[in-house]
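Dear colleague,

Please find below the structure that I am handing over to you. My findings follow directly after it.

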Amino acid sequence: MSKQLVAIIGGGPYGLSLASHLAARNVPHRIFGQPMAFWSQIARAGSRRYLKSYCFGTNISSPHPGSTFADYNEPRGLETFEPCSIANFAEYGLWFQERHVDWIEPVDVANVSRRGQGYLLTLSNGDAVEASDVIVATGLANFAKMPHALRALPGALATHTARVDSFAAFQGLEVAVLGSGQSSLEAAALLHEAGASPRLLIRKPSTLWMTRGSRTPTLWQRIRWPVSALGGSPKAWALTQLPGAFHRLPACGRALFLRNFLPPEGAWWLRERVEALVPVEYDTSVVAGQAIGNRVSLCLRGADKQDRELLVDRVIAGTGYEVNVERIPFLAPELRSAIARQGCAPRLDASFQSSVRGLRFAGPASSMSFGPVFRFVAGAEYTARTIAAALSRTAMART
Ligand SMILES: Cc1cc2nc3c(=O)[nH]c(=O)nc-3n(C[C@H](O)[C@H](O)[C@H](O)COP(=O)(O)OP(=O)(O)OC[C@H]3O[C@@H](n4cnc5c(N)ncnc54)[C@H](O)[C@@H]3O)c2cc1C
């Protein structure tokens, strides 16, 4: 196709930021997806859910002033530091979308395949759209990582934290929750508060909890623990200040860094909702799971290498996410197989473009190339600016 039309897939913080920046540069584009669907689902699944990130580090990006999360919260008397509620963030996203991206088309993309030099998108309503460039900004939802031991169990008995639509639906049930990160600790708290009996199963010998950041840090605290969107450490601060620098590291260094940065830990405000309320078994791995009628028998292995059985009503895995191109359901198989990888993630150039010309990935799917900031909303600004600049250069070259 000779004319430029960019298709953005996804109406979350990254998709909305991209659309806002492309519009400011007059790059022709369309954006598809239910706005803020992922965040609205998280908010609906349980009340008292909060962001782990600071308000200032959770902005949807626009070149127009007055669009930050704090700009939305302040006049409404809502929290402007931490913890900010997830329902509040979902509402901010919808407010942003109405003000800056009112052309979003709330329809899913069912398929993307190559068409000549460009792409053919089939929408879930049956419409077809030709595009010169495609940006995949569909977040984490396709990448939920389920432990091998639970994969054969029916979804009604064993699920991932990302797929829980209602914690209240577990009321009265005994639930094993796997994992030691924010998702599993939060799931345990929400289950307990909904009248279920959760039990945390954690492979490590202890739980890590974040410490509360000071709202008015001293000069020494600011130097020693500079606060950034990723928390209070010099390394985190450097990553957020130089978001493009990570991309210049050698591939093996990037993978190692990503594995070791930000270990699983719970937010400080969650601690009192879990400790002393939810039983925890440390040094415990789930090695097998089997459905027995409407219950699940788990085979647990402790530090002493002894196996034992735990019978529960349900299992929820808070076992994180793994970016994997093979699990993006709407990419045609021949397109998927043409994408060069780093591990299972797409390998991206400095403008977020994959090895397939015109196909870009934004958000968590870009974190293997661009670093941990891009697992979070904080990476949206750099992503949107960089991609909009690259596509605006392409637009000029075509005219
Ligand atoms: C429980 C939880 C808590 C989190 N807390 C934080 C936090 O405190 N701070 C932070 O920065 N990050 C947090 N994250 C990470 C956060 O989810 C991501 O950083 C962020 O959502 C990425 O934005 P996105 O736009 O890439 O994806 P999303 O927000 O997931 O948006 C993707 C959008 O794409 C749409 N979509 C999917 N498939 C299609 C399709 N085929 N066609 C059209 N549209 C489609 C979805 O409906 C969705 O609206 C959290 C994640 C989880 C699971």
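Helices (H or I, at least four residues) and strands (E, at least two) are DSSP runs, numbered from the N terminus. This is a predicted model, in which local features need pLDDT of at least 70 and side-chain atom pairs count only at pLDDT 80 or more, while totals for chains, interfaces and linings use all residues. Residues are numbered from 1 along each chain as its sequence is written, and side-chain values use heavy atoms, with hydrogens and water left out.

The ligand

A residue is near the ligand if one of its heavy atoms lies within 4 Å of it. By this rule 29 residues surround the ligand, and Lys52, Ser53, Val109, Arg375 and Val377 are the closest. Both α1 (13–24) and α2 (37–45) supply at least two residues of this shell, and α2 gives the most, with four residues. The shell divides into 17 nonpolar, nine polar and three charged residues; here Ala, Val, Leu, Ile, Met, Phe, Trp, Tyr, Cys and Pro count as nonpolar, Asp, Glu, Lys and Arg as charged, and the others, Gly among them, as polar.

Backbone atoms also approach the ligand's oxygen atoms. A backbone N or O atom of tyrosine 14 lies 2.9 Å from one such oxygen, and for glutamine 34 the corresponding distance is 3.2 Å. A polar backbone atom of alanine 37 is 3.3 Å from an oxygen atom of the ligand. Of the 970 Å² of accessible area (Shrake-Rupley method, 1.4 Å probe) that the ligand has on its own, the protein covers 90%.

The chain as a whole

The chain has 12 helices and 19 strands. Its radius of gyration, taken over C-alpha atoms, is 22 Å, close to the 21 Å that the globule rule (2.2 Å times the number of residues to the power 0.38) gives for 399 residues, so the chain is as compact as a globular protein of that length. The C-alpha atoms fill a box of roughly 70 × 55 × 40 Å, taken along the principal axes.

Two backbone details

Most residues other than glycine have a negative phi, and most peptide bonds are trans. Where does the chain depart from this pattern? The peptide bond from glutamate 82 to proline 83 is cis, with omega near -10°, and proline 83 sits in the loop between α3 (69–73) and α4 (86–100). Asparagine 26 has a positive phi, near 55°, and is placed in the loop between α1 and β2 (29–32).

Yours sincerely

Conventions: Polar contact = N/O pair within 3.5 Å; in protein donor to acceptor, adjacent residues only side chain to side chain.
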